[in-house]
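Subject: Structure for your review

Dear colleague,

Please find below the structure that I am handing over to you. My notes on what was found in it follow directly after.

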Amino acid sequence: MPDHTDVLVIGGGITGVSLMHHLHARGNQAVLVERAHIAAGATGRNAGFLLAGVADSYADAVLTHGRSRAHEIWQKTLDNHDLMIEAVAGQPVGYRRLGSATLASGEKEAALLEESAQLLREDGFEATWDGRRLVNPRDGEVDPAAVVGALARQAPPGAIREGVNVTALEAGSSEVSVRSDGAECSAGCVILATNAYTPLLLSQVAIQPRRAQMLASGPDAARLSDLPTYSHFGYRYWRQLTSGEVLVGGWRDTAYEVEVGYDERPTAGIQAHLDEQLKRMGTEADVTHRWAGTMGFTESGLPLVGPLDGMPNVYICAGFNGHGMGFAFISARQLVDSI
């Protein structure tokens, strides 16, 4: 950890490297510290969906946030998509933009998706409903760890430091004292890009950790999934890579009260559901990997972006509710522009 820096970013996922991108583009001296390695957390453990909006339907978002705010959220995530991909242009990040599908799990979800398609079109967005699934043609997919790596490589030498475990912050009127194992740094300001892990550093931050589990199969020659797909109100999802591997994740709705906390070990119960989905899809390849990651959820369902109350010169950009790839890059720009 440096002895001093103008800006210290804590956390090496998509949010942290996005912050570094925007900070250095504006000429700021900034250092990022990460307790393990870049993309070690949820960023490197997700399905790589690059979606507009939030996991639930547009109709639900309109009901929850109001129509104007729902429109703003959708547009913001579309802008995030464009800006992030522009920032990593020319890098091998597994990017495709074929769209995404949300598959109705029953009559209730079908009604919401049909209404969502109508509302989206009325509000100027592209969407189609075929009676079975809603398709958002401007959505995409990436290798999330590769995106983080591409952004990290843009940082100046020595600006990203791995293996730094921050243990405490002390905010003052002119600078923030940051302590890690055996070291201390004085920073002009600190930005927390620690998502679900933020409460471990500052218990007053209301972000709840929730576990998400996934598996991957070996390559399958058959095309088993034409688009990245959500179902069951965003709780279940899958996609197939161009090389044939199938990724399946979610099903925490079957054990909602269990899939909470910081334990990142897969469980037999959820993994059995993921295995069943592979069978339903007709996958002949064996499972090659199983893993879990910890997501950060907020009460509003939207990220926390801005200064932290009662802590001068400390800012937060976290709490992405399972959609860091869809929100983090533009949220980081919003925060950097406001400081």
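**Backbone and burial**

Trp 251 is buried, with a relative accessible area of 3%. Please keep in mind throughout that this is a predicted model. The place of Trp 251 is the loop that runs between strand E15 (246–250) and helix H7 (268–281). Its phi is positive, at about 70°, although Trp 251 is not a glycine.

A positive phi is also found at His 232, with a value near 55°, and this residue is likewise other than glycine. His 232 belongs to the loop between E13 and strand E14 (236–240). Is His 232 buried or partly exposed? With a relative accessibility of 27%, His 232 counts as partly exposed, whereas Trp 251 is buried.

Gly 66 takes a positive phi as well, of about 90°, and sits just after helix H2. Helix H2 itself covers residues 58–65, and its buried residues are Tyr 58, Ala 59, Asp 60, Ala 61 and Val 62. These buried residues pack against two helices, namely H3 (67–87) and H4 (107–122).

**The chain as a whole**

The protein chain contains 8 helices and 18 strands. Its radius of gyration is 20 Å, close to the 20 Å given by the globule rule for 339 residues, so the chain is as compact as a globular protein of that length. Along the principal axes, the C-alpha atoms fill a box of roughly 60 × 45 × 40 Å.

Of the 339 residues, 55% count as buried. The accessible surface amounts to about 14300 Å², and carbon and sulfur atoms account for 49% of it. As for contacts between residues at least 6 apart in sequence, 71% of them join residues at least 24 apart.

**A buried acid without a salt bridge**

Asp 220 is found in the loop between strand E12 (208–217) and strand E13 (229–231). Which side chain of opposite charge is nearest to Asp 220, and how far away is it? It is that of Arg 223, at 8.1 Å; Asp 220 is buried yet has no salt bridge. A salt bridge requires a nitrogen and an oxygen within 4 Å, so Arg 223, at 8.1 Å, does not provide one.

The side chain of Asp 220 does, however, reach the backbone nitrogen of Glu 284, at 2.8 Å. Apart from neighbours within four places in sequence, Asp 220 is in contact with Gln 240, Gly 244, Glu 245, Gly 282, Thr 283, Glu 284 and Ala 285.

**Salt bridges**

The count of salt bridges comes to 16. Several of them are described here.

One of them lies within helix H3: the side chains of Glu 72 and Arg 69 meet at 2.9 Å, N to O. The two residues are 3 apart in helix H3, which means that about one helical turn separates them. In general, residues three or four places apart in an α-helix point the same way, because the helix has 3.6 residues a turn. Glu 72 is partly exposed, with a relative accessible area of 44%, and Arg 69 also counts as partly exposed, at 33%.

A second pair is formed by Arg 97 and Asp 82, whose side chains meet in a salt bridge at 2.9 Å, N to O. Arg 97 lies in the loop between H3 and strand E4 (100–103) while Asp 82 lies in helix H3, so this pair ties together parts that are 15 residues apart in sequence. Arg 97 counts as partly exposed at 29% relative accessibility, and Asp 82 counts as partly exposed at 33%.

A further salt bridge joins Glu 141 and Arg 96, with the closest N and O atoms 3.1 Å apart. This pair links distant parts of the chain, since Glu 141 is in strand E7 (residues 140–141) and Arg 96 is in the loop between H3 and E4, 45 residues apart. Glu 141 is buried, with a relative accessible area of 2%.

Finally, Arg 67, Glu 122 and Asp 123 are joined into one network by salt bridges that share partners.

With kind regards

Methods. Residues are numbered from 1 along each chain as its sequence is written. This is a predicted model: local features need pLDDT of at least 70, side-chain atom pairs count only at pLDDT 80 or more; totals for chains, interfaces and linings use all residues. Side-chain values use heavy atoms; hydrogens and water are left out. Buried means under 20% relative accessible area, exposed over 50%, partly exposed in between (1.4 Å probe, protein chains only). Helices (H or I, at least four residues) and strands (E, at least two) are DSSP runs, numbered from the N terminus. Contact means heavy atoms within 4.5 Å. Lys and Arg count as positive and Asp and Glu as negative; His and the chain ends are not counted. A polar contact is a pair of N or O atoms within 3.5 Å; within protein, one must be able to donate a hydrogen and the other to accept it, and residues adjacent in sequence count only if both atoms are side-chain atoms. The radius of gyration is taken over C-alpha atoms; the globule rule is 2.2 Å times the number of residues to the power 0.38. Accessible areas come from the Shrake-Rupley method with a 1.4 Å probe; for residues, only the protein chains shown count as cover.
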